[in-house]
Amino acid sequence: MAAGRLFGATRAWVAWGPQELLDPPTLGRLLVRDYAKKPVMKGPKVGKGGVASEALKDPDVCTDPVMLTTHAMGVNIYKDRQDVVLKPDSEYPEWLFQMNVGPPPKLEDLNPESREYWRLLRKHNIWRDNRLSKNRKF
């Protein structure tokens with residue numbers, strides 16, 4: 001049955017006239033990939049990212065102590081807007097002031113019955129296995 005389909009398909013191809021088949025230049029063009037040419041940049045030398053080095057500059061650093069204590073400096077990403085003004089502590093949620101912003105707790109300091117203990121233990125074991133697997137031959 002498969003042979004009948006195959007021979008039937010070849011009979012259909014043979015029945016096509018020369019004007020119905022693709023001409024060789026068109027066929028060759030389908031198989032070749034033409035990549036776009038790189039654009040020619042005029043003007044000053046441009047780095048790898050395509051941005052002129054003169055356009056990049058460091059942000060202005062604020063040294064005013066009043067502004068540093070009343071505004072969230074560096075949070076605003078828009079050029080035409082001012083920095084965000086800090087609200088009083090009563091307007092922020094309580095959990096914000098209970099967050100641990102210091103170094104993470106050590107494994108010895110955690111309770112072995114807590115979920116955080118077992119998560120940290122698993123993380124330490126993964127790190128240990130990764131260090132040991134670096135030295136394997138294959």
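1. What share of the contacts in the protein chain with a separation of 6 or more comes from residues 24 or more positions apart? The answer is 0%, and this value, like the others in this note, is computed from a predicted model. As for burial, the protein chain has 138 residues, and buried residues make up 7% of them.

2. The protein chain contains 4 helices and 2 strands, and anyone reading along the sequence meets them in the pattern α-α-α-β-β-α. It may help to keep this order in mind while going through the points below, which take up single residues, then pockets, and then a helix.

3. His71 has its place in strand 1, and it counts as buried because its relative accessibility is 18%, which lies under the cut-off of 20%. Its side chain makes a polar contact, at 2.8 Å, with the side chain of Thr70. If the neighbours within four places in sequence are left aside, His71 is in contact with Asp83, Val84, Val85 and Leu86, and strand 2 covers residues 84-85.

4. Asn76 sits in the loop between strand 1 (71-72) and strand 2 (84-85), and its side chain takes part in two pairings with backbone atoms that are worth finding in the structure. The side chain reaches the backbone nitrogen of Tyr78 at 3.1 Å, while a polar atom of that side chain lies 2.6 Å from the backbone oxygen of Arg81. Leaving aside neighbours within four places in sequence, the contacts of Asn76 are with Arg81, Gln82 and Asp83, so Arg81 appears here once more as a contact of Asn76, under a cut-off of 4.5 Å between heavy atoms.

5. The largest pocket has a volume of about 390 Å³, and its lining includes Asn76 together with Tyr78 and Asp83. Other residues of this lining are Pro59, Asp60, Val61, Cys62, Met73, Gly74, Ile77 and Lys79. Sorted by class, the lining divides into 6 nonpolar, 2 polar and 3 charged residues.

6. Is Val61, one of the residues lining the largest pocket, buried or exposed? Val61 counts as exposed because its relative accessibility is 71%, which is over the cut-off of 50%. Val61 is found in the loop between helix 2 (24-31) and helix 3 (65-70), and although Val61 and Met73 are 12 residues apart along the chain, their C-alpha atoms are separated by 9.1 Å. Met73, too, belongs to the lining of the largest pocket.

7. The second largest pocket has a volume of about 220 Å³, and among the residues lining this pocket are Pro104, Pro105, Lys106, Leu107, Glu108 and Leu110. The lining also includes Glu116, Arg119, Leu120, Lys123 and His124, and helix 4 covers residues 115-134. By class, this lining has 5 nonpolar, 1 polar and 5 charged residues.

8. Helix 4, with its 20 residues, reaches 29 Å from its first C-alpha to its last, which is close to the 28 Å expected at 1.5 Å a residue. The N-terminal end of helix 4 is capped by Ser114, which has a side-chain oxygen lying 3.4 Å from the backbone nitrogen of Tyr117.

Terms used:
Residues numbered from 1 in each chain as written. Predicted model: local features only at pLDDT ≥ 70, side-chain atom pairs only at ≥ 80, totals over all residues. Heavy atoms only, no water. Expected span 1.5 Å × (residues − 1). Polar contact = N/O pair within 3.5 Å; in protein donor to acceptor, adjacent residues only side chain to side chain. 1 Å grid on protein atoms, 1.4 Å probe; cavity = no way out; pocket = protein on both sides within 12 Å on 5 of 7 lines; lining within 4 Å. Points joined across faces, edges and corners; volume = space filled by probe spheres on them. Nonpolar A, V, L, I, M, F, W, Y, C, P; charged D, E, K, R; others polar. Buried < 20%, exposed > 50% of the residue type's maximum accessible area, 1.4 Å probe, protein only.
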